[in-house]
Amino acid sequence: MSEYYRLEIDRHFAWFEAKLPPGPARFVGWLRKPSSIYVRIPLAILLILGGIFSFLPVLGLWMLPLGLLLFAQDVPFLQKPTAQLLGWIERKWAEREARKRDANRAP
């Protein structure tokens, strides 16, 4: 079952990577490689801390889920809740887009 959640996290990473411009996409691709674990873990911790302190002007709440996503790639017990949360967000996003599309179609 753990393999399923790891693959689900990889799918979300691939989607995210496809939405980025070429330079950042290459960085994310490099960051996802197993050999980048010594950069990925500290970066994930910094992003999580930045998300916790999002009330400061430079930092933002967006850092927390990104840090958890990076961290979950290497910490097996975080993979299931992270994959489930990402699936929930994806479903809500699709519902929102469908409602927006239907509202634009109505006369």
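Contact here means heavy atoms within 4.5 Å. Keep that cut-off at hand for the exercises below, and remember that the model is predicted.

**Exercise 1. Ile37 and its contacts**

Find the helix that holds Ile37, classify its exposure, and list its contacts beyond four places in sequence.

*Solution.*
- Step 1: Start with the place of the residue. Ile37 belongs to helix α3.
- Step 2: Next, look at its exposure. Ile37 is partly exposed because its relative accessibility is 31%, and the partly exposed class lies between 20% and 50%.
- Step 3: Now apply the contact cut-off. With neighbours within four places in sequence set aside, Ile37 is in contact with Pro42 and Asp74.
- Step 4: Check one of these partners along the chain. Ile37 and Asp74 are 37 residues apart in the chain, while their C-alpha atoms are separated by 7.8 Å.

**Exercise 2. The overall fold**

Describe the chain through its helices and strands, its dimensions, its buried share and its contacts.

*Solution.*
- Step 1: Count the elements. The chain has five helices and zero strands, and from the N terminus the order reads α-α-α-α-α.
- Step 2: Take the dimensions along the principal axes. The C-alpha atoms fill a box of roughly 55 × 40 × 30 Å.
- Step 3: Turn to burial. Of the 107 residues in the chain, 27% are buried.
- Step 4: Consider the surface. Its accessible area is about 7,600 Å², and carbon and sulfur atoms account for 70% of that.
- Step 5: Finish with the contacts. Among those with a separation of 6 or more, 40% are between residues 24 or more positions apart.

**Exercise 3. A residue in a loop**

Is Gln73 buried or exposed, and which residues does Gln73 touch?

*Solution.*
- Step 1: Locate the residue. Gln73 sits in the loop that runs between α4 (63-72) and α5 (76-105).
- Step 2: Compare its accessibility with the cut-off. Gln73 has a relative accessible area of 16%, so Gln73 is buried; the limit for that class is under 20%.
- Step 3: List the partners. Beyond residues up to four places away in sequence, Gln73 touches Asp10, Phe13, Arg32, Arg40 and Gln79.

**Exercise 4. Salt bridges**

Work through three salt bridges, Arg6 with Glu3, Arg11 with Glu90, and Arg32 with Glu17.

*Solution.*
- Step 1: Recall the principle. Side chains of opposite charge can pair when their charged atoms come close.
- Step 2: Set the total. The whole structure holds 10 salt bridges.
- Step 3: Begin with the pair in helix α1 (residues 2-19). The side chains of Arg6 and Glu3 form a salt bridge with an N to O distance of 2.5 Å. Because Arg6 and Glu3 are three residues apart in this helix, about one helical turn separates them. Arg6 is partly exposed, at a relative accessible area of 31%, and Glu3 is partly exposed too, at 44%.
- Step 4: Move to Arg11 and Glu90. Their side chains meet at 2.8 Å, N to O. This pair links distant parts of the chain, with Arg11 in helix α1 and Glu90 in helix α5, 79 residues apart. Arg11 is partly exposed at 38% relative accessibility, as is Glu90 at 36%.
- Step 5: Take Arg32 and Glu17. Here the salt bridge spans 2.9 Å, N to O. The two residues also link distant parts of the chain: Arg32 is in helix α2 (residues 22-32), Glu17 is in helix α1, and 15 residues separate them.
- Step 6: Join the pairs that share partners. Glu3, Arg6, Asp10, Glu17 and Arg32 then form one network of salt bridges.
- Step 7: Step back to the charges of the chain. There are 15 positive and 9 negative charges, and their mean positions are 3 Å apart.

**Exercise 5. A nonpolar surface patch**

Which residues make the nonpolar surface patch, and how far apart in space are Arg11 and Leu56?

*Solution.*
- Step 1: Name the members. Ile45, Leu46, Leu49, Ile52, Phe53, Phe55 and Leu56 make a nonpolar patch of about 700 Å².
- Step 2: Inspect one of them. Ile45 is in helix α3 (residues 37-52). Ile45 counts as partly exposed because its relative accessibility is 40%.
- Step 3: Relate the patch member Leu56 to Arg11 of Exercise 4. From C-alpha to C-alpha, Arg11 and Leu56 are 32 Å apart in space, with their positions 45 residues apart in sequence.

Terms used: Residues numbered from 1 in each chain as written. Predicted model: local features only at pLDDT ≥ 70, side-chain atom pairs only at ≥ 80, totals over all residues. Heavy atoms only, no water. Patch = residues over 30% accessible without salt bridge, like charges linked within 9 Å, V, L, I, M, F, W, Y side chains within 5 Å. Areas by Shrake-Rupley, 256 points an atom, 1.4 Å probe, with all protein chains shown as cover. Salt bridge = Lys/Arg side-chain N within 4 Å of Asp/Glu carboxyl O. Buried < 20%, exposed > 50% of the residue type's maximum accessible area, 1.4 Å probe, protein only. Lys, Arg positive; Asp, Glu negative; His and termini not counted. Charge placed at Lys NZ, Arg CZ, Asp CG, Glu CD.
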